[in-house]
Amino acid sequence: MGLNKGFASEPSEESTKTLLALSRKVDKLEKDYRMKLTLLEGKYRQMEDAITYLIERVEMLEETVMSLKAYSAIRPAKNE
């Protein structure tokens, strides 16, 4: 490419069209990226909520097991 056909010279119609096409592609990629990122953020929040719920349930089950153990430890003592 010489100076007459490079980017240093005034833009030709062809180079303007190329730049516009590239600009549109970049805009589309950016839009797709933002949409996918939004979807992933939503899925992350759902997973975070599910994990929090599961942790709460496990803690409740632990408390129930502890109560049952305490009850079973007291119960035989009452029967004697």
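Colleague: How many salt bridges does the structure hold?
Modeller: This is a predicted model, where local features need pLDDT of at least 70 and side-chain atom pairs count only at pLDDT 80 or more, while totals for chains, interfaces and linings use all residues. Residues are numbered from 1 along each chain as its sequence is written, and side-chain values use heavy atoms, leaving out hydrogens and water. Taking a salt bridge as a side-chain nitrogen of Lys or Arg within 4 Å of a carboxyl oxygen of Asp or Glu, the number in the structure is three.

Colleague: How far apart are the closest N and O atoms of E13 and K17?
Modeller: E13 and K17 sit four residues apart in helix 1, so about one helical turn separates them; a helix here is a DSSP run of H or I with at least four residues, numbered from the N terminus. E13 and K17 are both exposed, meaning over 50% relative accessible area with a 1.4 Å probe and protein chains only (buried is under 20%, partly exposed in between). The closest N and O atoms in their salt bridge are apart by 3.3 Å.

Colleague: Which residue forms a salt bridge with R34?
Modeller: R34 counts as exposed because its relative accessibility is 53%. The partner lies four residues away in helix 1, about one helical turn, and the closest N and O atoms are 2.8 Å apart. That partner, partly exposed at 37% relative accessibility, is E30.

Colleague: And which residue's side chain meets K28 in a salt bridge?
Modeller: K28 is exposed, at 53% relative accessibility. About one turn of helix 1, or four residues, lies between K28 and its partner, with 3.0 Å from N to O. Partly exposed at 26% relative accessibility, the partner is D32.

Notes:
Helices (H or I, at least four residues) and strands (E, at least two) are DSSP runs, numbered from the N terminus.
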